[in-house]
Amino acid sequence: MRVERSDGSLASLRRLNRQRVIDALRTHGTISRAEIARRTGLSRSTVSSLVSDLQSDGLLTERAEPGAAHGEQGGRPPILLSFEASAGVALGIGFDHDHVRVAVADLSSTILAERAVTIDTDHEAQEGLDVALAIVEELLAEAGVDRSRVIGAGLGLPGPVDQIDGVIGSSVILPGWVGVAAEEELRRRLDVPVSVDNDANLGALGELAYGAGRGATDMVYIKITSGIGAGLILDGRLYRGWGGMAGEFGHVLVAGDGDVCRCGNRGCLETAASTTALLELLRRSHGEITVAEMIAMAKAGDLRARRVIADAGRVVGIAAAGLLNVLNPQRLVIGGDLAPAGDLLLDEVREALRRTALPTAADQATVVAGELGERAEVLGALAGVVGASAQNRTFQPPPHPGGGFA
């Protein structure tokens, strides 16, 4: 992995390198100093210095590798590092068009409690936050964790998020959130640091840390649901763009004379490949069905269901070819509600990429389905909280290490 150049500031460079170490720990869970150096491209002396800082902050614990009697050169067994689980807990909250999912995890990325609840698709932001915070209190009680041990929260929403003020931009999926300063509102209610991001961005972080993106440094995550969005991982870091609008993949033009999109333009990818569009194509012949039912029918051999899924894969692949040509990722992860279609969808994506992307870019990108399903966004929110908290030193170790859990 390349080490990015700093702007000349040693403090800025050290902060960047510290984030690389944190990312390696977050992604791999338990890892040695030597492995961190190998994966980050940092020198062993730099890694040792940064690890010492993190240990001084009470963030890391170390232990000998199980079953290892000696190190590589016959000396002491290698020492493995991981986040100190007892240093606090993180909250992850993810909203979709018809449900909210909440999870509580310790800093070693162990999920302590998790729950998904169905909500009204037309709910207002305040109502949604009320539901989410009620779930938070229930899960903290279930996990036996005192509220004071929460070190931060991450919130995911299906719409553009201004990264400067946390205000939600235009969103037809959750219209009741448009213009809401979600970050400020959630921080006021929880009294902890809060980050708010687009659901596809968090899905990318989740798959990078815990799912199909593990080991990748350059990855594109495409979420296909009632909307379509992309999360971009470049050189191991999430790329949001100047105003947080990067990844609005669903509004790439694919048919100049296509249907009018919710954004006001005509022929956007969402009009051809979103789950809403696919179900509409099947409504006349199949009546009202769900995405899961459509996928089950396709796998059982229903020709109409197979056709609309295949066509969606083809048009997604054509649109994604531009991303491969420009970004040259090593992995393309397809997530969201349509991902369980598996190779019925992915084979068409691969074939479209083979035909329309530059050969080298297509050959270098592995196309896989996401592994985390509906949990991708909330797990990405948790990964973001752990990483940001370690970087910013926003929490203190508990007064009684190891305590706090039932």
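Two strands are said to pair if DSSP finds at least two bridges between them; strands (E, at least two residues) and helices (H or I, at least four) are DSSP runs numbered from the N terminus. The model is predicted: local features need pLDDT of at least 70, side-chain atom pairs count only at pLDDT 80 or more, and totals for chains, interfaces and linings use all residues. Residues are numbered from 1 along each chain as its sequence is written, and side-chain values use heavy atoms, with hydrogens and water left out.

**Exercise 1.** Determine in which sense strand 7 and strand 8 pair.

*Solution.* Locate strand 7 at residues 150–157 and strand 8 at 194–198. The two pair in the parallel sense over 5 bridges. Within strand 8, D197 stands opposite G156.

**Exercise 2.** Establish the strand order of the open sheet and explain why strand 6 and strand 8 each have one side without a neighbour.

*Solution.* The sheet has 5 strands in the order 6-5-4-7-8, with mixed pairing. Strand 6 (111–118) and strand 8 stand at its edges with a single partner strand each, so one side of each lacks a neighbour in the sheet. From one strand to the next, the twist averages 15° (axes are lines fitted to C-alpha atoms, for helices over the stretch in contact; angles run from 0 to 180 degrees between N-to-C directions).

**Exercise 3.** Identify the strands that helix 5 and helix 6 lie across.

*Solution.* Contact means heavy atoms within 4.5 Å. Helix 5 (residues 182–190) lies across strand 4 (89–95), strand 7 and strand 8, at about 145° to strand 8. Helix 6 (residues 199–210) lies across strand 7 and strand 8, running at about 100° to strand 8.
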